[in-house]
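Welcome! Here are some exercises to work through with the model open beside you. Try each task before reading its solution.

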Amino acid sequence: MTVHPSLKLSYWNATARAEPTRLALTIGGIPFEDHRVARSDWPELKKKTPFGQMPVLTVNGTTQVAQSIGLLRYAGTLAGLYPAADALKAALVDQIVLHVEDMYNTFYATFREQDEERKKAARKVIAEERFPAMLASLDAVIAKHSAGTWSVGDSMTVADIIVYTFVNDLKSDNWDHIPTTLADSHHNVLRVFNGVASHPKVVEWEAAHRK
């Protein structure tokens, strides 16, 4: 019987940077505490985190690990969803994960803009130029390295999970001034999205957590 480490994943009650790790652990059947941090608790918790930010994963009650992409790789390794033993495949997975992270960061950068008109203008550029180009590149890379449903090879990896969470966030209509249909013409991206969305553990997770 496999003995898994004790895991506590701390983040806001939101998807964003923690959701890919949550899903990787869930798909892999790895037990973890899904710690949703209240805003009122954050100032005190912040002092105890490695870099004053979340998500943070506490392993076996003692070791804290920060940085969302590092957490995703670790969770994926535990769950059998990251090809740690195959350096080239790992690099192909990483390039997709980091490209999607670039897309997230492109959008998140607009949150710092306090002027609503400038924010709207910045998001118009993202919606009309940045995201279409980045999605087209992602679609082409998936086409090149997929062997069926998934982004890299013939089995699900964390690359597929982060593609899923990005498209899911895009479709959620929570991103002001960003059309929910931007990914719809990118068939390889949508194939990956639908593959993850139909996984029984993802269906169960979404039913419990998406309102």
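**Exercise 1. Classify the two ends of a charged pair, E19 and R22, as buried or exposed, and describe their contact.**

Step 1. Both E19 and R22 are buried, where buried means under 20% relative accessible area, exposed means over 50%, and partly exposed is in between (1.4 Å probe, protein chains only).

Step 2. A note on the ground rules: this is a predicted model, in which local features need pLDDT of at least 70 and side-chain atom pairs count only at pLDDT 80 or more, while totals for chains, interfaces and linings use all residues. Residues are numbered from 1 along each chain as its sequence is written, and side-chain values use heavy atoms, with hydrogens and water left out.

Step 3. The side chains of E19 and R22 form a salt bridge, 2.8 Å from N to O; the term requires a side-chain nitrogen of Lys or Arg within 4 Å of a carboxyl oxygen of Asp or Glu.

Step 4. E19 and R22 both belong to helix α1 (residues 19-27) and stand three residues apart, about one turn of the helix. Helices (H or I, at least four residues) and strands (E, at least two) are DSSP runs, numbered from the N terminus.

Step 5. Widen the view: a network of salt bridges links E19, R22, D34 and R36.

**Exercise 2. Set the salt bridge of E128 and K124 beside the one of D184 and K171.**

Step 1. Start with the count for the whole structure, which is 10 salt bridges.

Step 2. In the bridge between E128 and K124, the closest N and O atoms are 3.1 Å apart. Helix α5 holds both E128 and K124, four residues apart, about one turn of the helix.

Step 3. Check the accessibility: E128 has a relative accessible area of 52%, so E128 is exposed. K124, at 47% relative accessibility, counts as partly exposed.

Step 4. Now take D184 and K171, whose closest N and O atoms are 3.0 Å apart in their salt bridge. This pair links distant parts of the chain, with D184 in the loop between α6 and α7 (187-197) and K171 in helix α6, 13 residues apart.

Step 5. D184 is partly exposed at 31% relative accessible area, and K171 is partly exposed at 33%.

**Exercise 3. Which kind of aromatic pair do F107 and Y108 make, and which kind do F131 and F166 make?**

Step 1. A pair of aromatic rings is described by the distance of the centres and the angle of the planes. Rings of Phe, Tyr and Trp (its six-membered ring) pair if their centres lie within 6.5 Å; planes under 30 degrees apart count as stacked, over 60 as edge-to-face and the rest as tilted.

Step 2. The whole structure has 13 aromatic pairs. In one of them, the ring centres of F107 and Y108 are 6.3 Å apart and the planes meet at 55°, so the pair is tilted. F107 and Y108 are both buried.

Step 3. For F131 and F166, the centres are 5.4 Å apart and the planes are at 80°, so this pair is edge-to-face. It links distant parts of the chain: F131 is in helix α5 (residues 116-145) and F166 in helix α6 (residues 158-171), 35 residues apart. Both F131 and F166 are buried.

Step 4. Ring pairs join Y104, F107, Y108, F111, F131, F166 and W175 into a cluster.

Step 5. Look for a charge as well: the charged end of R123 sits over the ring of F111, 5.0 Å from its centre. The test is that NZ of Lys or CZ of Arg is within 6 Å of the ring centre and within 35 degrees of the ring normal.

**Exercise 4. How many residues line the largest pocket, and which helix gives the most to this lining?**

Step 1. The lining has 20 residues, with A14, T15, D169, N174 and R210 nearest the pocket's centre.

Step 2. α4 (87-108) and α8 (200-209) each supply at least two lining residues, and α8 gives the most, with three.

Step 3. Sorted by class, the lining has seven nonpolar, five polar and eight charged residues.

Key: 1 Å grid on protein atoms, 1.4 Å probe; cavity = no way out; pocket = protein on both sides within 12 Å on 5 of 7 lines; lining within 4 Å. Nonpolar A, V, L, I, M, F, W, Y, C, P; charged D, E, K, R; others polar.
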